[in-house]
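Open the model in your viewer and keep the selection box handy. We will walk through it stop by stop.

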Amino acid sequence: MTQHSAERPLNGPQTSGREYTDLSSAEFAVTTELNVTIPLRDGVELLADVHRPAAPGRYPVLVAVSPYPRQIQTSGIPLPIVEAGQSDFFVPRGYVHVIVNERGTAGSGGRWSIFDEQQRRDLYDVVEWAGTRDWSSGHVGMIGVASTPWLSWPPPRLPRRT
């Protein structure tokens, strides 16, 4: 597990060139857990990287599920956009960011398929897992570009956690 507090400034492609004056402040240091296993109902395990505020507490969770390697997120490549969303923007503002590799990709178990019922069941299990962790407030949203948004529709529905 690693901990850091640096926030990368947003650049033009990430902000459409606009200057934002009403963004929330970055208040939290970040703890990162790599290669976290997420068990699925059929026994397959997916691998995820979990970026969360270092301070104890329960936080809303942003989940990105993708076939693309989650390691791109921390590779240092100066990409104008990162498929899974910007961990170093959201986490210091009080969100947990869970980046998951789909079944059969980048170390996750099983065999990869696209836009089928298995993928939807996997997504449901991932959201359920994220919503029930000790660091989770139970509020789980989806984030990302490319294939990630397609996987999240329709979204899984979880019972409200009290």
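A residue counts as exposed when its relative accessible area is over 50%, and as buried when that area is under 20%. Keep in mind that this is a predicted model.

**Stop 1: a hairpin.** Select residues 30-39, strand β2, which pairs with β3 in the antiparallel sense over eight bridges. As you move along, you will find Ile38 opposite Leu46 in β3. Five residues separate the two strands of this hairpin, and Gly43 in the turn has a positive phi of about 95°.

**Stop 2: strand β3 and its other neighbour.** Now select residues 45-53. Eight of the nine residues of β3 are buried, so the strand is largely enclosed by the rest of the structure. Add residues 96-101 to the view: this is β5, which pairs with β3 in the antiparallel sense over four bridges. Asp49 has Ile99 in β5 as its bridge partner.

**Stop 3: salt bridges.** The model has five salt bridges. Show the side chains of Arg52 and Glu33, which meet at 3.1 Å, N to O. Arg52 belongs to strand β3 and Glu33 to strand β2, 19 residues apart. Arg52 is buried at 17% relative accessibility, while Glu33 is partly exposed at 23%.

Next, pick Arg41 and Asp125, whose closest N and O atoms are 2.8 Å apart in a salt bridge. Arg41 sits in the loop between β2 and β3 and Asp125 in helix α3, so this pair ties together parts that are 84 residues apart in sequence. Which end is exposed and which is buried? With 53% relative accessibility, Arg41 is exposed; Asp125, at 9%, is buried.

Then select Arg103 and Asp42, a salt bridge with its closest N and O atoms 2.9 Å apart. Because Arg103 lies in the loop between β5 and α3 and Asp42 in the loop between β2 and β3, the pair ties together parts 61 residues apart in sequence. Add Asp122 to the selection: salt bridges with shared partners join Asp42, Arg103 and Asp122 into one network.

**Stop 4: the cavity.** Stay with Arg103 and Asp122, because they are among the residues nearest the centre of the largest cavity, along with Val65, Glu102 and Gln119. Its volume is about 100 Å³. The lining divides into five nonpolar, three polar and three charged residues, and helix α3 (residues 117-131) gives the most to it, with five residues.

**Last stop: Ser136.** Ser136 is in strand β6 and is buried, with a relative accessible area of 0%. A polar atom of its side chain lies 3.0 Å from the backbone oxygen of Ala130.

Note on methods
Residues numbered from 1 in each chain as written. Predicted model: local features only at pLDDT ≥ 70, side-chain atom pairs only at ≥ 80, totals over all residues. Heavy atoms only, no water. Buried < 20%, exposed > 50% of the residue type's maximum accessible area, 1.4 Å probe, protein only. Polar contact = N/O pair within 3.5 Å; in protein donor to acceptor, adjacent residues only side chain to side chain. Pairing = 2+ DSSP bridges. 1 Å grid on protein atoms, 1.4 Å probe; cavity = no way out; pocket = protein on both sides within 12 Å on 5 of 7 lines; lining within 4 Å. Points joined across faces, edges and corners; volume = space filled by probe spheres on them. Nonpolar A, V, L, I, M, F, W, Y, C, P; charged D, E, K, R; others polar. Salt bridge = Lys/Arg side-chain N within 4 Å of Asp/Glu carboxyl O.
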